[in-house]
Amino acid sequence: MKQSLSLKWNLESLFPGGSSSPQYSEFVGETEALCAALLKELHESGERSPEAEQLTEWTEKLQLVLSRLREADAYVSCLTSQDMGDKRAVAWTERIQTLSARFKQAADLYDAKLAEVPDELWQQWSGQSEKSPIQFPLNERRESAKEKLPPALEAVASELAVDGYHGWGEHYNTVVGRISIPWEENNESLQLSVGQAANKLDDPNPAVRDAMAAKWEEAWAAQADLGADTLNRLAGFRLKLYGMRGWNDPLREPLRMNRMSHATLDAMWSAVEGSIEPLKRYLALKARRFGKEKLAWHDVDAPIATSQAKIPYEEAAQIITDAFAQFSPDMAQLSRTAFADQWIEAEDRSGKRPGGFCTSLPLSRQSRIFMTYSGTPGNVSTLAHELGHAYHGALVENLPPFAQDYAMNVAETASTFAEAIVGDALLRRAESDDEKLALLDDRLQRAVAFCMNIRARFLFETRFYERRAAGMLEASDLSELMVAAQKEAFGNALDSWHPHFWASKLHFYLTDVPFYNFPYTFGYLFSTGLVAVSEREGPSFSKRYDDLLRDTGIMTVEQLGSRHLGVDLEQPQFWQDAVARVIADVEAFSDLCE
């Protein structure tokens, strides 16, 4: 890409005026009116079993409101992320959460109506040809309704959650906004945002990493009591609601949301445990190159080169687009569109939220990608990751809204597959051993992230919920649990840990997806398996890959594996084969080190 690319996204083409946009205000108002009318209609329908015509009408209306709600929510998430000081955007967030609560009430009533339909009428209605694209989610909604509280009680819980449950979740942004980390650079005193400071943690210079790690831990320790209050309230709300529904397993909801069985989760983690020793070997080799006996926590993601040329944004765009083109022309075209039409917010500036994401706008048929780009190889990988999400969104944009609702674990499949494409292309064109070593290091950093770091988060959160059932935990208790989980997941391979990781990580505070951890590992290993299939099949696999992604909203992951790959995800073999590719990278890294 030879043209100069903007580092800032274009939100004006969606709703001009930002958080003061009259068009956005009108759009949200219209959506609120549509949702209120549907909610009233469902309430007034009484307890009688609905006729087929009424079911069809409700289904169309609910999907319309769902699309509009997703559009509104995606836009406001962009506003709050680009400027954490935008108070109007924060107010919009509360209003969208209220709208979401109203929509959930309507959806719960609708689902209850589905559950009331006699089996014979249900088979006749849901089996109609025009319902076939959404037959799976319709059946899923009907069965789920049978396991929840009565709609009136679910509505009360949803309404109270706006200022309670979701309000606590939003508190993370308040905490992050309080943090300003002092920093000296080029004889200049700076105040770094959390996003800017995070990029220093994997700086090639070990002195920079060490200095920032100390400041980072200190900054989050100062906010630990606020973070502990927040996590305790979030977990307490979930556990109480689960108890009222008669659910005794906190994993029940996240597994259902990810359309995944406990047997698949267990098979995956069993295979991951087999990766610990090889990855410990990689960490030891890396430590030796750093002149250390063991790596510190903040060394894990550091590049092995002591100096590293920055990759300009335009060059990163070209690298990604060329790599995508080797697999699929459609992926490459999506990438070109995203860069040319300013779908991406990548500017390195203060005031932004840390982290990265991709959000889809179903009515606009576009996506927006958020990150802070500073020119590191990791930034390039993150950019490829988020563009993978955007490609997934583009593949399902012509499906009915219910069929677009794919789960987080398969969403992470598309993104990590995109990362793998870019990583493999770079490795193939590498000319020197040093370059190959650096690229393998980047790949193995991601293996460590998904097989060790994510597992530590899962172990921490699982044990936190076990303890939280008996009462609230103090910040020191959470730090103790965190370090114990990190030591177990990393096989005690590091010489320092991150006690306040639980406070700093946004994922623990998200209210729309509980246990925002294991789906990442699923996506990583599932996509690793897909890469193996792609290498065996060659160019023809891209069409099968597209078909798999289109089906992610209408199948369980076990069905996806069986239909599109011919594998049983509840058995360990597929996952072990994926881990074997990680081990092969360790061997290649070891050979180059020697």
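This section describes the salt bridges, a small sheet, a pair of packed helices and two residue environments in a predicted model.

The sheet is open and contains three strands in the order β3-β5-β4, with mixed pairing. Its edge strands are β3 (344-345) and β4, each of which pairs on one side only. Strands β3 and β5 run parallel and are joined by two bridges. At this junction, glutamate 345 stands opposite phenylalanine 370 of β5. On the other side, β4 (residues 357-361) pairs with β5 (residues 366-370) in the antiparallel sense, over five bridges. Here threonine 359 is placed opposite arginine 368 of β5. The hairpin formed by β4 and β5 has four residues between its strands, and within this hairpin arginine 365 adopts a positive phi near 55°. Strand β4 is mostly covered, four of its five residues being buried. Helix α2 (residues 52-82) lies across both β4 and β5, and its direction makes an angle of about 145° with β4.

Helix packing was examined for α14 and α15. Helix α15 spans residues 329-340, and its axis lies 6 Å from that of α14, at an angle of about 160°. Because angles over 145 degrees are classed as roughly antiparallel, α14 and α15 are assigned to that category. Their crossing is right-handed. On the α14 side, the contact is made by Tyr313, Ala317, Ile320, Thr321, Phe324, Ala325 and Phe327. The contribution of α15 consists of Pro329, Met331, Ala332, Ser335, Arg336 and Phe339.

One of the α14 residues in this contact, isoleucine 320, was considered individually. Isoleucine 320 belongs to helix α14, which covers residues 313-327. The residue has a relative accessibility of 0% and therefore counts as buried. When neighbours within four places in sequence are left aside, isoleucine 320 is in contact with Ser335, Val380, Leu383, Ala384, Leu387 and Val422. Among these partners, Ser335 also takes part in the contact between α14 and α15, as a residue of α15. Threonine 521 lies 201 residues from isoleucine 320 along the chain, and the C-alpha atoms of the two residues are separated by 23 Å.

A second residue environment is that of glutamine 196, located in helix α8 (residues 194-200). Its relative accessible area is 15%, so glutamine 196 is classed as buried. Apart from neighbours within four places in sequence, the contacts of glutamine 196 are Gln191, Asp348, Arg349 and Ser350.

Across the whole structure, a search finds 36 salt bridges. One of them joins the side chains of glutamate 159 and arginine 102, with an N to O distance of 2.6 Å. Because glutamate 159 lies in helix α6 (residues 151-163) and arginine 102 in helix α3 (residues 87-116), the pair ties together parts that are 57 residues apart in sequence. Both residues fall in the intermediate class of accessibility: glutamate 159 is partly exposed at 34%, and arginine 102 is partly exposed at 31%.

Helix α3 also supplies aspartate 111, whose side chain meets that of arginine 141 in a salt bridge of 2.7 Å, N to O. Arginine 141 lies in helix α5 (residues 135-145), and this pair links distant parts of the chain, 30 residues apart. Aspartate 111 and arginine 141 are both buried, whereas glutamate 159 is partly exposed.

A salt bridge within a single helix is formed by arginine 550 and aspartate 547. The closest N and O atoms of this pair are 3.3 Å apart. The two residues are three positions apart in helix α22 (residues 541-550), so about one helical turn separates them. Arginine 550 is partly exposed, with a relative accessibility of 32%, and aspartate 547 is likewise partly exposed, with a relative accessible area of 26%. In addition to such individual pairs, salt bridges that share partners join Lys104, Asp108, Glu154 and Arg245 into one network.

How values were computed: Residues are numbered from 1 along each chain as its sequence is written. This is a predicted model: local features need pLDDT of at least 70, side-chain atom pairs count only at pLDDT 80 or more; totals for chains, interfaces and linings use all residues. Side-chain values use heavy atoms; hydrogens and water are left out. A salt bridge is a side-chain nitrogen of Lys or Arg within 4 Å of a carboxyl oxygen of Asp or Glu. Buried means under 20% relative accessible area, exposed over 50%, partly exposed in between (1.4 Å probe, protein chains only). Contact means heavy atoms within 4.5 Å. Two strands pair if DSSP finds at least two bridges between them. Axes are lines fitted to C-alpha atoms, for helices over the stretch in contact, and angles run from 0 to 180 degrees between N-to-C directions. Angles under 35 degrees count as roughly parallel, over 145 as roughly antiparallel, 65 to 115 as roughly perpendicular and the rest as oblique. A crossing is left-handed if the near helix is turned anticlockwise from the far one by less than a right angle, and right-handed if clockwise.
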